[in-house]
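Student: I would like to examine one part of this protein closely. Please treat that part in detail before turning to the rest of the chain.

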Amino acid sequence: GLEEGAKNQFSTFSNFITTINQKKEGIGNRSSPTQLVLPNIKNGRDLPRLCLDVRQKQRVSIDALPQELKAPFPPEPSLPIRTKTVKDFQDDVEKSKASGDWKAVHNFYSTTFDSFLEINAAFKKDTNSPFNTIEDSGIDAKFVNVVYDALLNTPQDVQKSVLKGIINGLLQEWTGPRTKDDLRAYCILLQNPQFSNTSTYVIYAHLLRQIAALTEADHHFLVHWSKKISQKRFKQVVDRLLQFISLRLFPAKPEEFPPMVKCTWWIPSATKVLALFSKNYLIFFSLVRFSFCQYPFIISIAAKKVIIQRDSEQQMISIARQSLVDKVSRRQKPDMNMLFLNVKVRRTHLVSDSLDELARKKADLKKKLKVTFVGEAGLDMGGLTKEWFLLLIRQIFHPDYGMFTYHKDSHCHWFSSFKCNNYSEFRLVGALMGLAVYNSITLDIRFPPCCYKKLLSPPIVPCDHNTLVGICGVTLDDLFQIMPELAHGLSELLSYEGNVEEDFYSTFQVFQEEFGVIKSYNLKPNGDKIPVTNRNRKEYVQLYVDFLLNKSIYKQFASFYYGFHSVCASYALLLLRPEEVEILVCGSPELDMSALQRSTQYEGYQKTDLTIRYFWDVVLGFSLDLQKKLLHFATGSDRVPVGGMADLNFKISKSETSTNWLPVAHTCFNQLCLPPYKNKKELKQKLIIGISNAEGFGLE
């Protein structure tokens with residue numbers, strides 16, 4: 001919408017203003033407190049597009065123009081003198097409330113918001129100073145907040161005078177690049193709480209369009225100035241933008257808005273303004289038309305999960321279809337197994353069997369996963385897959401296995417730096433994580449946030465195999481999340497006030513124990529001969545952190561990286577931030593059993609039945625460990641999916657068996673079959689026995 005010309009035959013925006021001013025007696029008397037009548041919002045469909053000439057021609061800041069082009073542009077006009085202070089305004093409001101006479105307040109609002117110059121005259125800290133740097137916007141934030149806080153409690157004619165003034169400002173004809181006073185006005189207008197009301201959305205949309213059409217240099221100023229807004233006010237601005245986009249997409253009352261075909265530019269404009277306030281601005285460059293995937297910061301983690309699932313499903317279908325075509329072309333009889341990644345393992349050789357199966361079936365990794373445990377009669381409808389993941393992760397991360405080191409202080413695992421001849425098992429762990437995301441399984445893995453940052457470095461596997469992968473910028477904060485004690489020691493080194501060289505007697509060399517042997521590594525060439533001093537200690541700490549989190553584990557992590565991306569290679573990963581990858585892989589460890597109770601479905605029971613009441617009394621009284629065991633027993637995992645407990649679709653069914661029997665679970669369907677136990681004590685006893693013995697699938 002923003003890139004198109006105004007080709008449609010719309011009536012002029014002046015007609016809209018004429019309608020608004022139909023009860024105004026004197027055109028020149030802008031400050032008179034007249035009763036303003038806003039037209040029906042549906043008239044907004046006839047509004048033309050504003051400032052196309054500026055948007056198309058002025059793409060650079062005035063500061064970037066050649067000297068010969070700067071002369072024609074006049075300096076910023078002088079501002080009117082306004083002397084009202086915060087105290088004066090507050091006194092006027094209190095007097096108006098007491099007397100019922102709002103004339104003084106009405107005059108203030110109608111004058112202040114009548115133009116961009118008046119906005120600056122009222123809210124600029126010093127009208128004689130230019131305030132043309134990114135460090136200081138020059139806006140009197142306290143005065144702005146007080147004026148806006150009082151606005152919604154004023155009579156309707158006062159509020160309408162503000163909207164009328166904003167329209168006047170938006171109608172101003174621009175003859176050159178925006179001045180810093182214009183940018184200040186935009187920054188102030190964005191904070192107007194009136195734009196939370198859908199009746200103001202036509203005006204709000206035009207404000208957003210003008211801001212979205214500013215030059216990159218002007219956007220740079222707005223971004224930095226917005227950082228000076230308080231956290232509370234900034235959140236209100238962002239929430240207002242999100243609400244605007246949501247209500248335009250899914251209006252509760254469609255008749256309140258112009259037809260979508262008449263205002264296709266609303267959502268792109270709002271999204272581009274929202275993008276200014278996002279530090280995670282990623283874009284799918286292959287997309288030409290507007291898409292929310294161009295602005296992933298606006299998409300919730302639950303929505304991103306749906307996008308990734310749909311992408312996974314399409315890849316699964318494509319791979320399965322190709323397998324079928326290959327079979328038919330070779331005149332071989334097709335069977336259903338060719339449509340799946342079939343993994344057959346023995347419980348006694350779980351890791352080796354899994355490694356062999358995945359290595360042998362590389363071409364099938366993007367098919368739907370099905371697991372079979374040798375010698376067991378279970379049919380995998382999802383439950384066996386969940387248990388395979390759980391048991392495999394448990395074995396691989398066991399300290400005796402040696403692949404990962406568990407750090408008790410941070411309660412997380414990190415890659416072992418021990419050198420070996422074969423890193424295929426690290427590739428297996430990466431593939432497992434990829435399969436989990438691909439098949440919507442949550443894993444109980446405790447990696448630090450740094451791991452997921454490395455996993456997206458880069459998010460798409462490079463074509464050049466010589467390109468380093470899994471290497472990212474790391475800081476002392478990253479080390480604190482893994483080895484807090486060591487990180488604290490390095491932090492102490494940085495803040496040490498004595499003579500570092502004489503007191504610490506260290507060099508640019510580190511030592512590590514590997515299988516009982518102490519080995520030394522230089523952090524830089526000839527590092528063992530370079531002393532750490534007060535001058536170079538920052539470099540030493542940075543190199544040490546980089547060595548621990550990047551260089552010393554490069555081969556291990558590179559194998560892990562390629563394993564993950566062998567399954568999850570997708571442009572959809574560009575949507576994700578590192579912390580979102582962690583949530584997709586691991587889910588949330590925070591259990592809310594009350595939320596599970598609210599979302600549970602029943603079959604054969606009513607939620608008011610005595611057995612069900614006994615059940616929830618018992619479960620809500622369980623320790624966290626028992627609650628996790630119950631979740632694992634019923635769903636195959638003790639983690640909560642991205643969408644929360646409601647996404648589990650948990651069901652309790654009535655089991656028409658003897659009450660001597662234990663509860664039974666169908667983990668494929670997240671279903672618990674519960675006999676109608678006669679009392680709470682019996683139910684608790686049988687439930688604890690059942691959930692504490694929850695491994696294995698069999699028919700007896």
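Student: Which elements cover the buried residues of α16?

Tutor: The structure is a predicted model, in which local features need pLDDT of at least 70 and side-chain atom pairs count only at pLDDT 80 or more, while totals for chains, interfaces and linings use all residues. Residues are numbered from 1 along each chain as its sequence is written, and side-chain values use heavy atoms, with hydrogens and water left out.

The cover of the buried residues of α16 includes the helices α15 (350-360), α17 (424-438) and α27 (624-635), together with the strands β1 (340-345), β2 (368-373) and β3 (404-407). Helices are DSSP runs of H or I with at least four residues, strands are runs of E with at least two, and both are numbered from the N terminus. A residue is buried when its relative accessible area is under 20%, exposed when over 50%, and partly exposed in between (1.4 Å probe, protein chains only). Contact, the basis for naming what covers a residue, means heavy atoms within 4.5 Å.

Helix α16 comprises residues 383-396, and 12 of these 14 residues are buried, so the rest of the structure largely encloses the helix. The buried set consists of G383, L384, T385, K386, E387, W388, F389, L390, L391, L392, I393 and I396. As to length, 14 residues at 1.5 Å a residue should span 20 Å, and the end C-alpha atoms of α16 are indeed 20 Å apart, which agrees. The expected span is 1.5 Å times one less than the number of residues.

Helix α10 (residues 201-212) may be set beside α16. For α10, the expected span of its 12 residues is 16 Å, and its end C-alpha atoms lie 16 Å apart, which agrees. Of its 12 residues, 12 are buried; among them are Y201, H206, R209 and Q210. The cover of α10 includes α8 (156-171), α9 (180-189), α11 (216-226), α12 (231-249) and α13 (266-276).

A further helix pair is α4 (residues 86-99) and α7 (residues 141-151), which pack at an angle of about 10° with axes 10 Å apart. Because of that angle, α4 is roughly parallel to α7; the term covers angles under 35 degrees. Axes are lines fitted to C-alpha atoms, for helices over the stretch in contact, with angles from 0 to 180 degrees between N-to-C directions. V86, F89, Q90 and V93 of α4 meet K142, F143, V146, V147 and A150 of α7. These residues divide into seven nonpolar, one polar and one charged.

Some loop residues deserve separate attention. Most residues other than glycine have a negative phi, and most peptide bonds are trans. F131, in the loop between α6 (116-123) and α7, has a positive phi near 45°, and counts as buried at 16% relative accessibility. N670, in the loop between β9 (664-666) and β10 (671-674), has a positive phi of about 50° and counts as buried at 10% relative accessibility. S457 and P458 are joined by a cis peptide bond, with omega about -5°; P458 is in the loop between α18 (449-455) and α19 (476-480).

For the chain as a whole, there are 28 helices and 10 strands, and 47% of the 700 residues count as buried.

Note on methods. Angles under 35 degrees count as roughly parallel, over 145 as roughly antiparallel, 65 to 115 as roughly perpendicular and the rest as oblique. Ala, Val, Leu, Ile, Met, Phe, Trp, Tyr, Cys and Pro count as nonpolar, Asp, Glu, Lys and Arg as charged, and the others, Gly among them, as polar.
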